[in-house]
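This report describes a protein model in terms of its fold elements, solvent exposure, aromatic contacts and surface. The sequence and coordinates are shown first.

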Amino acid sequence: MNRKLLKDNAKIALKRNFWLVMLVVLVAQFLGVSDVGATSGGSGGSGYTGSSNSFDKDNKDDSDSGDDWGSTYNNQSMQQMSYEDFFSDSYMPQIPEALTTALAAGTVAVVIGICIVVILISILITTFLTNPIQVGYRRFFMLNRLGKGKFVDLFSAFAPNYLNVVKGMFTTSLIIFGWTMLFIIPGIIASYRYFFVPFLLAENPTMSGTRAREISAQMTDGYKFKIFVLGLSFIGWQILAFLLAVPAALLTCCFMGIGAMLVYCPLGGYVSATYAELYEERREYAMCVNITNNTELVGFETQE
């Protein structure tokens, strides 16, 4: 891998259609795809005061009418009862312990239920929207390097082979998640092993997820650390983008932080274009060593 050559070619591809690339990257970020790593006590007191005033007025009226009981209650009971005494345990209503336990259990159940619903919605959005967008995102950048990229390519996975793409990406994500459960590191390795699966499905949407993972595993054999270093080589730009994105996000906080996304767009396009060049390099290697052939990898420009 020649990182400088990959990045130089990526810059050429970016300059060829810069503003279209920025638009695609911005929309992709909104949809969750990016290569850049792109919420009484006072009323109680006033209520008690109002009640005291009402008692005083009522007792005054009762005193004028000769009601000795009301006068005695006002002079002895209310005057001797302090604010703290009124809110002491002896005056508070006693809630049965069983009811308290039931309320606590109900609250916990509602919270857990909400969390489960949120997680399920997130999985559904990722599976049926974000993952296909990621495949279309890869296709756009592969076509852009040829000067043929169009905005609609971002949504190219939403085609007759949409369910096959969904299945392939979902099973790949599930496998990576399973490996991640084993102390994180195996999950990181698996993510690099299947790094090219979205590219392969973008080139051939009819390819099964199993076959895409097989080809990707062979394309990245002995190459995972190099891919990691390639991503790490953008760290300086990522730090700079982060420093600029923070004030940009604060300035546009009422607009979904679009300022931060705009800051990350050039870097996101640069990184994604570089990864497209990387895939092309490894694709040629896979052809040369007969890992795959033109029947499986038919080329990006041939798909309608």
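Is C115 buried, partly exposed or exposed? C115 counts as partly exposed, at 41% relative accessibility; buried means under 20% relative accessible area, exposed over 50%, and partly exposed in between, with a 1.4 Å probe and protein chains only. C288, at 65% relative accessibility, counts as exposed. The structure holds zero disulfides, a disulfide being a pair of cysteine sulfur atoms within 2.5 Å.

The model is predicted, so local features need pLDDT of at least 70 and side-chain atom pairs count only at pLDDT 80 or more, whereas totals for chains, interfaces and linings use all residues. Residues are numbered from 1 along each chain as its sequence is written, and side-chain values use heavy atoms, with hydrogens and water left out.

**Overall composition**

The protein contains 13 helices and zero strands; both are DSSP runs numbered from the N terminus, helices being H or I with at least four residues and strands E with at least two. Of its 304 residues, 37% count as buried. The protein exposes about 17,700 Å², and carbon and sulfur atoms supply 66% of that area; accessible areas come from the Shrake-Rupley method with a 1.4 Å probe, and for residues only the protein chains shown count as cover.

**Aromatic contacts**

A pair of aromatic rings is described by the distance of the centres and the angle of the planes. A search of the whole structure finds 16 aromatic pairs. Rings of Phe, Tyr and Trp (its six-membered ring) pair if their centres lie within 6.5 Å; planes under 30 degrees apart count as stacked, over 60 as edge-to-face and the rest as tilted. Two of the pairs are tabulated here.

| Pair | Centre to centre | Angle between planes | Class |
|---|---|---|---|
| F18 and W19 | 5.0 Å | 80 degrees | edge-to-face |
| F158 and Y162 | 5.2 Å | 20 degrees | stacked |

In the edge-to-face pair, F18 is partly exposed at 32% relative accessible area, while W19 is exposed at 69%. In the stacked pair, F158 is partly exposed at 36% and Y162 is buried at 18%.

One aromatic cluster is formed by Y192, F195, F196, F199, F225, F228, Y275, Y279 and F300. The C-alpha atom of F225, a member of this cluster, is separated by 9.1 Å from that of I189, although the two residues are 36 apart along the chain. I189 belongs to helix α8 (residues 185-193) and is partly exposed, with a relative accessible area of 38%.

Charged side chains also meet aromatic rings. K7 lies over the face of F234, at 4.4 Å from the ring centre, and the charged end of R282 sits over the ring of Y223, 3.8 Å from its centre. The criterion is that NZ of Lys or CZ of Arg is within 6 Å of the ring centre and within 35 degrees of the ring normal.

**Nonpolar surface patch**

V108, I112, I116, I119, L120, I123, F170, L174, F177 and M181 make a nonpolar surface patch of about 960 Å². Patches are made of residues with over 30% relative accessible area and no salt bridge, with like charges joined within 9 Å and nonpolar side chains (Val, Leu, Ile, Met, Phe, Trp, Tyr) within 5 Å; a salt bridge is a side-chain nitrogen of Lys or Arg within 4 Å of a carboxyl oxygen of Asp or Glu. Helices α6 (97-144) and α7 (162-180) each supply at least two residues of the patch, and the largest share, six residues, comes from α6. F177 is found in α7 and is partly exposed, with a relative accessible area of 49%.
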